[in-house]
Amino acid sequence: MEVNYIMKLSLKIPLLIGAAVLIASASIGAASIFISLNLLEKTAHLSLLNQAMLGRDMVVLDLHSRLNVLQELANSESVRSMDWERQKASLSPSVARLGYLDLAIVDLQGQARYIKEDTISDLADRDYIIKALHGSQAVSEVLISKVINKPVVMFAVPITNDGGGAAGALIGRQDGTSLNEVTKDVKFGSSGYSYMTNKSGVIISHQNIDFVLNQYNPIKEAVKNPAMQSLADLIRLSQRENMDSAQYTLEGREMVAGFAPIPGFEWTLFVTIDRKELLSGMDRMVFLVVSFGAAFIATGLVVAYLLGRSISRPINNLSVTLKDISEGEGDLAKVVDIKAKNELADLARYFNLTMGKIKSLVLSIRKEADALSQTGAALAADMTQTAVAVEQIAANVKSVTSRTGTQQASAKETSALMADVVDNVNTLNDQIQKQADCVNQSSSAIEEMLANIQSVTQSLVDNNENLANLAQASNAGRDSVQEVAAAIQEIDKESAGLLEINAVMQNIASQTNLLSMNAAIEAAHAGEAGKGFAVVADEIRKLAESSGEQSKTISGVLKRIKDSIDRIAKSTEGTLLKFEAISDSVARVTDQEGNVRSAMEEQGTGSKQILEAVSDLQEMTGVIRNRTGAMREKSLEAIKKSQELEQITGEISQGMREMATGADQINEAVNHVNNISGENKRQIEALVGEVSLFKVE
């Protein structure tokens, strides 16, 4: 058992220290690899960016070199003369010498005439032609030639006249892959290469010639081919940023690229390399880190083993001493030998001091245990008597609690009964109030009705007088109408006589007219002697005609008068009948009014008697209402007292329940303390027995 304990401790310490060394070494190695990897990537990105900037300068230098050579040709006398024959003779040898497919002269209208092919093409819409005609050098992107219908790159420089103005342009056509010659020497590492794109993302220079000839655009290709999305994102980044580096994926390989714009051209140069080649230097560094880490761990384990042995030996001595004390006779007088001067020696010295204090403690415990044993016996006896007394108190409290519960129930019942009484009184009071209101309303209504009866009676008296006056006026009107009717009848008779007189007058006028006609006839027979008589006869005829007309007019007037008199006579007869009906109605109304006045006088007398009875009823209702109000106040006071009694009884009951609960708890506590006292007595006896096992002398 001793050997196993020492072996466990001697192995445990080296393992712990070795684990700490292993974790520290692994953490340092991982951190070193991570930091180195980040540093290497940043350095590689910076190197790619620098290479892109260097390549950009090389591309610019190459392009400007080609343009400058072409500009020298444009500045020659033969070319500036704008004489086609001289230009053709001068430029023909330079086509092959400078590596162009062909050269051409462009006039100010954009018409290009080629040297070798001797053809004319309209290039006025080409950007590089427009720039050259405005005095600037230009290089086109890869485009399809209008002349040969193949991908080409065009170089253009201005041709100036003696005044310095534009006379035309000199252009040179090269193969569509000619820009690859510009970028082929720009690369980084063995797997690296470079390429260029225009502002739209079209590849204009690449080691894959098909990309250039087909004017491949990764941004558009990514729409239908997701594998090109990473490259498309890189090109979009170059369109947003001026110079930078980024990582992308192409054909399953992780690539890193730096890019920079070409000054003077809307192009971007990319320098790219495989990420594996970029990080190839990491393998050796990882190997070195792992090797040094393994050596450091092995050394740490050896040191940990030796350190564990040196620590475990003194601890073994302490364990032997403690074993003798625990498994032997419990001799607390034993001590550990101290032979060294280190932390373990301090541990042994403090162990000896501790054992000495334990020895003193055991002696003190032995002495106090004897005293506690006597005290525990006395406490157990006292707690037994206390438990009996507490049980008696609890029984009395429960009895009082039961009685207070009964009293509280009675108080609640009394309060409920009084509440019912108050409710009934309130209901009665409300009914009495309603009765009083009804009586008041009835009294007011009867008084108003009595006043109305008196007013109606007075109105009937006044109406009786008015009816008498109406009867007199009706009789007088009837008499007057009868007189008018008699007069009208007389007028009717007289008008009939006038009609007869008018008829006689019409007859006379007719006879006179006839006589005048006869006289006129006779005067005509008499000749000159009868002319005077003819005049008289004519005047008589006119008088007769006028009399006849007046007689007719009078006859019409008399007829109308007679018709009016007839209508008045008929109306007078109807009026007489109505006056007679009015007289009869007035007589009947007079009789009825007398009857109504008698009834109203009798009703007025009865209303006065009802009003007196209602007044007595109103007085009695007021007395009853006052008595019910007093009863309600007394009932409310009784309810209040009952509620106070109920509340006090509840509080007493609650207090008694709490006392009962407390008594139960005290009883339980006393019993528990009694049990603890017995257990304490037993434990003290056991403690005395255990303490007596230790040897302190």
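Strands here are DSSP runs of E with at least two residues, numbered from the N terminus. With that in hand, welcome to a predicted model, in which we can start from one residue, Asn198, in strand S8 (residues 193–198). From there we move out to the open sheet of 5 strands that includes S8, and then to helix H8, which packs on that sheet.

**Asn198 and its surroundings**

- Asn198 has a relative accessible area of 7%, and because the cut-off for buried is under 20%, Asn198 counts as buried.
- The side chain of Asn198 makes a polar contact of 2.7 Å with the side chain of Glu141.
- Leaving aside residues up to four places away in sequence, Asn198 touches Glu141, Ile204, Glu266 and Trp267.

**The sheet**

- Reading across the open sheet, the strand order is S9-S8-S12-S11-S10, and the pairing is antiparallel.
- At the edges sit strand S9 (203–205) and strand S10 (244–250), each of which pairs on one side only.
- From one strand to the next, the twist averages 35°.

**Where S10 meets S11**

- Strand S11 (residues 253–262) pairs with S10 over 7 bridges, in the antiparallel sense.
- If you would like a spot to look at, find Ser245, which stands opposite Gly258 in S11.

**The helix on the sheet**

- Helix H8 (residues 229–240) packs on the sheet and touches S8, S10, S11 and strand S12 (267–274).
- The direction of H8 makes about 165° with that of S10.

Terms used. Residues are numbered from 1 along each chain as its sequence is written. This is a predicted model: local features need pLDDT of at least 70, side-chain atom pairs count only at pLDDT 80 or more; totals for chains, interfaces and linings use all residues. Side-chain values use heavy atoms; hydrogens and water are left out. Helices (H or I, at least four residues) and strands (E, at least two) are DSSP runs, numbered from the N terminus. Buried means under 20% relative accessible area, exposed over 50%, partly exposed in between (1.4 Å probe, protein chains only). A polar contact is a pair of N or O atoms within 3.5 Å; within protein, one must be able to donate a hydrogen and the other to accept it, and residues adjacent in sequence count only if both atoms are side-chain atoms. Contact means heavy atoms within 4.5 Å. Two strands pair if DSSP finds at least two bridges between them. Axes are lines fitted to C-alpha atoms, for helices over the stretch in contact, and angles run from 0 to 180 degrees between N-to-C directions.
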